[in-house]
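Please look through the structure shown here with the briefing beside it, taking one topic at a time. The points are written for a reader who is meeting such a model early in their studies.

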Amino acid sequence: MKFISLSMVLFIFIFSFYPYAKTKAQPELKEDTEEESISVQVNGIGTLKDDVTAARKIAINDALRVAVEQAKGIMVKGETEVRDYAEMRDEVISKTKGFVRTYKILNETKEDNVYRVTLEVEVMLSDPHAEAPVKMDEQKYKTKVPKLLDEAKTLFRKTNYIADSLRDKKQDDFAPDDVKRLHYRYTVMLMIIKSIDLPAGKKEKMGLLLRAIRLKAMATDTFSKFIEGDRRPTVLKKGFELNHQGNQLLKKFRDL
């Protein structure tokens, strides 16, 4: 009975802190999840009247709205850059969805009758529970998937080039925004693959590619943080490990 009571106490304790845990930003793409997201930094404002709490809430909601719109804009820009498989992209992504996953407040001030906040917001880019809208038969698979694979190869080469350059301590050769755009292109590709209902017999192979893309995307995002200024050796080591794992999965993909 003591064991059961202790378990219940721990459960209540952890559950009671859940609302606070939700506000912590978790911008990294998780390899073991079906969810993709990007992290953006935005500002919001609320008019101060008599109620400061209400003004703060309005400012936060304003920032969250801006974050979703900004994330959608980034994705639209990312989609226009992947021209090699534009036909497939247009077919499977009719519109970009977006909603807030987590956020944290970086700064908040009161001045001139206005409440201002700066948030770091993680925005989801697709509904992870949505059914695949596009069914592919063998013919479609043969004609359209090669274009997707060509784009994947391009992204993989670029990430490997970044990794090799960072090993040679050439981090200043890259602009952070360029590496971020590469990560967004990975995210677009993940959305596309998840939107396809593949023919039987092809799902295992494409699932392997999906895992490899996730790892390469995570590596690219980690390299972006390092290039942007987080120069801890552990960050770089993590990027190298993720990229290596992705490359190893790609070898298995080619063998299937």
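The briefing below goes through the sheet, its hairpin turn, the nonpolar cores and the aromatic rings.

The model is a predicted one. It contains an open sheet of three strands, and its largest nonpolar core has 41 residues. A search of the whole structure also finds three aromatic pairs.

**The sheet**

- The three strands of the open sheet follow the order E1-E3-E2, and their pairing is antiparallel.
- Strand E1, which covers residues 37-47, and strand E2 are the edge strands, each of them pairing on one side only.
- On average, and with direction ignored, neighbouring strands of this sheet are turned by 20 degrees against each other.
- Between E2 and E3 the antiparallel pairing runs over 11 bridges; along it, asparagine 107 stands opposite threonine 118 in E3, and threonine 109 stands opposite arginine 116 in E3.

**The hairpin turn**

- E2 and E3 form a hairpin that has two residues between them, and aspartate 112 lies in this loop, which joins strand E2 (99-111) to strand E3 (114-124).
- The phi of aspartate 112 is near 50 degrees, which is a positive value in a residue other than glycine.
- Asparagine 113, also placed in the loop between E2 and E3, has a positive phi of about 65 degrees although it is not a glycine.
- How accessible are these residues of the turn, aspartate 112 and asparagine 113? Aspartate 112 counts as exposed because its relative accessible area is 75%, and a value over 50% is called exposed; asparagine 113, with a relative accessible area of 47%, is partly exposed.

**The nonpolar cores**

- In soluble globular proteins, nonpolar side chains tend to be buried together.
- In the largest core of this model, which has 41 residues, those with the most contacts inside it are Ile162, Leu166, Ile193, Leu209, Ile213 and Phe223.
- Helices H5, H6, H7 (203-228) and H8 (233-255) each supply at least two residues of this core, and H7 gives the most to it, with 13 residues.
- Leaving aside its neighbours within four places in sequence, isoleucine 213 is in contact with Phe156, Tyr186, Met189, Leu190 and Ile193.
- Another core lies apart from the largest one; this other core has 18 residues, among them Val68, Val117, Val121 and Val123.

**The aromatic rings**

- One of the three aromatic pairs is formed by tyrosine 161 and phenylalanine 174, whose ring centres are 5.8 Å apart and whose planes stand at 75 degrees to each other. This pair is edge-to-face because the angle between the planes is 75 degrees, and planes over 60 degrees apart count as edge-to-face.
- The pair links distant parts of the chain, since tyrosine 161 belongs to helix H5 (residues 138-167) while phenylalanine 174 sits in the loop between H5 and helix H6 (176-194), 13 residues apart.
- Is tyrosine 161 buried or exposed, and is phenylalanine 174 buried or exposed? Tyrosine 161 counts as exposed at 53% relative accessibility, whereas phenylalanine 174 counts as buried at 16%, because buried means under 20%.
- Two charged residues also lie over ring faces: lysine 205 is over the face of phenylalanine 253, at 5.0 Å from the ring centre, and arginine 231 is over the face of phenylalanine 226, at 5.3 Å from the ring centre.

Terms used: Residues numbered from 1 in each chain as written. Predicted model: local features only at pLDDT ≥ 70, side-chain atom pairs only at ≥ 80, totals over all residues. Heavy atoms only, no water. Phe/Tyr/Trp six-rings, centres within 6.5 Å; stacked < 30°, edge-to-face > 60°. Helix = DSSP H or I, 4+ residues; strand = E, 2+ residues; numbered from the N terminus. Buried < 20%, exposed > 50% of the residue type's maximum accessible area, 1.4 Å probe, protein only. Lys NZ or Arg CZ within 6 Å of the ring centre and 35° of its normal. Pairing = 2+ DSSP bridges. Core = buried A, V, L, I, M, F, W, Y, C linked by side-chain atoms within 4.5 Å. Contact = heavy atoms within 4.5 Å. Axes fitted to C-alpha atoms, helices over the stretch in contact; angles between N-to-C directions.
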